[in-house]
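The following note sets out points on packing, salt bridges and burial for a colleague's consideration. Each point may be checked against the displayed coordinates.

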Amino acid sequence: MTYHHLATRFGRNAHQISGREALDNEALFRHVPSVFAREAHDSRSERYVYVPTIDIVEGLRREGWFPFFAVQAVPRDGDRIGHAKHMLRLRRDDGIGKPEAAEVIIVNSHDGTSSYQMFAGVLRFVCTNSMIAGERFEEVRVPHTGRIQDQIIEGVYTVAEDFPRLIDATETMKETRLSQAEQTVLAEASLVARYGEEESPIRPDQIIQPRRREDVGQSLWQTFNVIQENLIRGGLTGRRQTADGRVRRSQTRTINGIDQNVGLNRALWTLAEGMQRIKAA
């Protein structure tokens, strides 16, 4: 995705905004209003402890963490739009000149569809690709009960403690070379992660085709990034068989849904780490 200061995208099930500079409250409010909800959705009980996400963002800004990306789901029930699930990616503004930056990803809602969740992630500046680390990295979930604001801030630092290991993992992947057959195996496993038991509309060789010159190569890191971008951003021409047996051409869709984005990203990272362990054995 190419942009100057800000990039916005509106899908059927998500609104999102990203910037090369930290997002201010005006930009956040315009595109992800549920971050600013002042009370929980009417469906929540009295036991539900409500902390506006913007209060967490302000607390993290004071700690030196800034949002550079935000997305909000668009629920089918229009009554929930101001309380819907949202995701923010925050990082310290010290990654200038580096190829990647470690991030903390926060997922939350104010309608009971999500606890506060925090994951470690990596932003790749050359293509603004955002990965989320797999199961072997720290994950924090804070339910909407008790004294949660301090737990959330503490959770961010718990996730951030994994940053050195996260960066080490990316460097190791950069040094690992894959054969064409190994790239294909990783692509096949990634298509299963994306489509499950359904027949994939695209072939493994399509998702290991780079979209830019910088991604041409045989390293595990390059291969993983190419697969991740092709599956998350979609736009690949494929074929699907209809119920009556006809074959129709179609384009793969962008992954906009927050849960699906997090789940697929983590699955792809886990597959890449699995390939790394096999190569190191």
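1. Lys-174 counts as partly exposed in this predicted model, because its relative accessibility is 23%. Its salt-bridge partner is Glu-171, with the closest N and O atoms 3.2 Å apart. Glu-171 also counts as partly exposed, at 34% relative accessibility. Both residues belong to helix α4 (residues 163-175), where a spacing of 3 residues corresponds to about one turn of the helix.

2. A further set of charged residues deserves separate inspection. Arg-124, Arg-212, Asp-215, Glu-229 and Arg-233 are joined into one network by salt bridges that share partners. Across the whole structure, the search finds 17 salt bridges.

3. One of these salt bridges pairs the side chains of Asp-259 and Lys-85, at 2.8 Å from N to O. Asp-259 is in helix α8 (residues 258-280), whereas Lys-85 is in the loop between β3 (66-73) and β4 (86-91), so the pair ties together parts that are 174 residues apart in sequence. The two ends differ in burial: Asp-259 is exposed, with a relative accessible area of 51%, while Lys-85 is buried, with a relative accessible area of 12%. The cut-offs applied here are over 50% for exposed and under 20% for buried, so the value of 51% places Asp-259 in the exposed class.

4. The side chains of Asp-162 and Arg-165 form another salt bridge, at 3.2 Å from N to O. Asp-162 counts as buried, with 11% relative accessibility. Arg-165, by contrast, is partly exposed, its relative accessible area being 35%.

5. Which residues surround Met-173, leaving aside its neighbours within four places in sequence? Met-173 is in contact with Ser-219, Leu-220, Trp-221, Phe-224, Trp-269, Ala-272, Glu-273 and Gln-276. Met-173 is itself part of helix α4 and counts as buried, at 1% relative accessibility. The C-alpha atoms of Met-173 and Leu-220 are 5.1 Å apart in space, although the two residues are separated by 47 residues in sequence.

6. The contacts of Met-173 can be read together with the packing of its helix. The axes of α4 and helix α7 (residues 220-233) come within 5 Å and cross at roughly 105 degrees. That angle makes α4 roughly perpendicular to α7. On the α4 side, Thr-170, Met-173 and Lys-174 take part, and they meet Leu-220, Trp-221 and Phe-224 of α7. Lys-174, which forms the salt bridge with Glu-171, is thus also listed among the α4 residues that meet α7.

7. A second helix pair has another geometry. The axes of helix α2 (residues 53-62) and helix α3 (residues 149-160) come within 10 Å, with a crossing of roughly 50 degrees. This crossing makes α2 oblique to α3. The residues that make the contact are Asp-55, Ile-56, Gly-59 and Leu-60 of α2, together with Gln-149, Ile-152, Ile-153 and Val-156 of α3. The crossing of α2 past α3 is right-handed.

8. Why can α2 be described as largely enclosed by the rest of the structure? The description holds because 7 of the 10 residues of α2 are buried. The buried residues are Thr-53, Ile-54, Ile-56, Val-57, Gly-59, Leu-60 and Arg-61. Their cover includes α1 (25-31), β3, β4, β5 (100-108), β6 (116-124) and α3. Ile-56, Gly-59 and Leu-60 are buried and also take part in the contact with α3. After α2 comes Gly-64, which has a positive phi, near 95 degrees.

9. The last point concerns Gln-206, located in helix α6 (residues 204-207). Gln-206 is buried, with a relative accessible area of 14%. A polar atom of the Gln-206 side chain lies 2.8 Å from the backbone oxygen of Thr-237. Not counting residues up to four places away in sequence, Gln-206 touches Asn-230, Leu-236 and Thr-237. Thr-237 therefore appears both in the polar pair and in the list of contacts of the buried Gln-206.

Terms used:
Residues numbered from 1 in each chain as written. Predicted model: local features only at pLDDT ≥ 70, side-chain atom pairs only at ≥ 80, totals over all residues. Heavy atoms only, no water. Helix = DSSP H or I, 4+ residues; strand = E, 2+ residues; numbered from the N terminus. Buried < 20%, exposed > 50% of the residue type's maximum accessible area, 1.4 Å probe, protein only. Polar contact = N/O pair within 3.5 Å; in protein donor to acceptor, adjacent residues only side chain to side chain. Contact = heavy atoms within 4.5 Å. Salt bridge = Lys/Arg side-chain N within 4 Å of Asp/Glu carboxyl O. Axes fitted to C-alpha atoms, helices over the stretch in contact; angles between N-to-C directions. Parallel < 35°, antiparallel > 145°, perpendicular 65-115°, else oblique. Left-handed = near helix turned anticlockwise from the far one by under 90°.
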